[in-house]
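Here are a few exercises to try with a protein model open in front of you. Have a go at each task before you read its solution.

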Amino acid sequence: MEFIFFILGSCSASFIICLAYRINRRKQLGGLSCCDYCGRRLPLIALVPIIGWLLSIGKCRYCKNSISVYYPLIEFLFAICFMNSKDNYHFVIIYCLLLFLSCEDIYDHTSHTFILYPIIFFEFIVNFPSEKAIGLFILTSLLLFFIYYRKALGNGDLPVILLIYIALPVFQFSVSILITSCLTILIFLLRKKHSLAFIPFLAIGFFLSTLFV
């Protein structure tokens, strides 16, 4: 059973990455994937999650350009998350949505975060404990302050953080934000960019906190 969830997770990650790329590049959703460099259609074996990258040694078989190692890493992490959440199917949905939005944020610094509101509403009605209500109000106020006054966050970051807060216990949420903050600061110092896609860091923090906390 766990092996099936591993396969489903890695395949889902591969599909979501491809879907986000094509939607944001306004490409046709049908058809096999092509190399980003030479445009040649990739063989079927190269499309197998994780294994395809390993067999091609991380390079296109035609033009020999490198294929990012991030693809198999994301597919592996996603597969582990699916295995870990086989009894929490709503987490599987959250994983998929966060990965899709992360890819959008990386590609174009834009994201269709409105897709989160139905599951935010569901999580709030079904799983949200009343003792977290005051914290939700304080958190929302702080986020609005950082978005509209300090301009330190984007509008799309608000529903992502709220979803993570509603879906996780307080301690797990705190660990998730701590991981997110540390990774963001580290990458900011290494790359020395004034702006970074923040949703991927929030997603990583969520993934790791659900796996190890």
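**Exercise 1: Cys-81 and disulfides**

Work out why Cys-81 is too far from the closest cysteine sulfur for a bond in this predicted model.

Step 1. Recall what you are looking for: a disulfide is a covalent bond between the sulfur atoms of two cysteines.

Step 2. Find the closest cysteine sulfur to that of Cys-81; it belongs to Cys-96, 10 Å away.

Step 3. Set that against the cut-off: a pair of cysteine sulfur atoms has to be within 2.5 Å to count as a disulfide. At 10 Å, the sulfur of Cys-96 is therefore too far from Cys-81 for a bond.

Step 4. Try Cys-103 next. Its nearest cysteine sulfur is that of Cys-18, 10 Å away, and Cys-103 is in no disulfide.

Step 5. Write down the total by this rule: 0 disulfides.

**Exercise 2: Buried or exposed?**

Sort Cys-81, Cys-103, Pro-72, Asp-157, Lys-59 and Ile-134 by how open they are to the surroundings.

Step 1. Get the cut-offs straight: buried is under 20% relative accessible area, exposed is over 50%, and partly exposed is in between.

Step 2. Take the cysteines. Cys-81 has 0% relative accessibility, so it's buried, and Cys-103, at 7%, is buried too.

Step 3. Move on to two helix residues. Pro-72 sits in helix α3 and is buried, as its relative accessible area is 9%. Asp-157 belongs to helix α7, residues 157-167, and at 7% Asp-157 also counts as buried.

Step 4. Finish with the other two. Lys-59 comes out at 41%, so call it partly exposed, while Ile-134 reaches 63% and counts as exposed.

**Exercise 3: Surface patches**

Which residues form the positive surface patch, and which form the nonpolar one?

Step 1. For the positive patch, pick out Arg-40, Lys-59, Arg-61 and Lys-64. Lys-59 lies in the loop between α2 (51-55) and α3 (70-84).

Step 2. For the nonpolar patch, pick out Ile-134, Phe-137, Ile-138, Leu-142, Phe-145, Phe-146 and Tyr-149. Together they have about 770 Å² of accessible area. Ile-134 is in helix α6, residues 133-149.

**Exercise 4: Sequence versus space**

How far apart are the C-alpha atoms of Pro-72 and Pro-49, and those of Asp-157 and Ala-197?

Step 1. Pro-72 and Pro-49 are 23 residues apart in sequence, and their C-alpha atoms are 6.7 Å apart.

Step 2. Asp-157 and Ala-197 are 40 residues apart along the chain, with 9.7 Å between their C-alpha atoms.

Note on methods: Residues are numbered from 1 along each chain as its sequence is written. This is a predicted model: local features need pLDDT of at least 70, side-chain atom pairs count only at pLDDT 80 or more; totals for chains, interfaces and linings use all residues. Side-chain values use heavy atoms; hydrogens and water are left out. Patches are made of residues with over 30% relative accessible area and no salt bridge: like charges are joined within 9 Å, nonpolar side chains (Val, Leu, Ile, Met, Phe, Trp, Tyr) within 5 Å. Accessible areas come from the Shrake-Rupley method with a 1.4 Å probe; for residues, only the protein chains shown count as cover. A salt bridge is a side-chain nitrogen of Lys or Arg within 4 Å of a carboxyl oxygen of Asp or Glu. Lys and Arg count as positive and Asp and Glu as negative; His and the chain ends are not counted. The place of a charge is taken as NZ of Lys, CZ of Arg, CG of Asp or CD of Glu. Helices (H or I, at least four residues) and strands (E, at least two) are DSSP runs, numbered from the N terminus. Buried means under 20% relative accessible area, exposed over 50%, partly exposed in between (1.4 Å probe, protein chains only).
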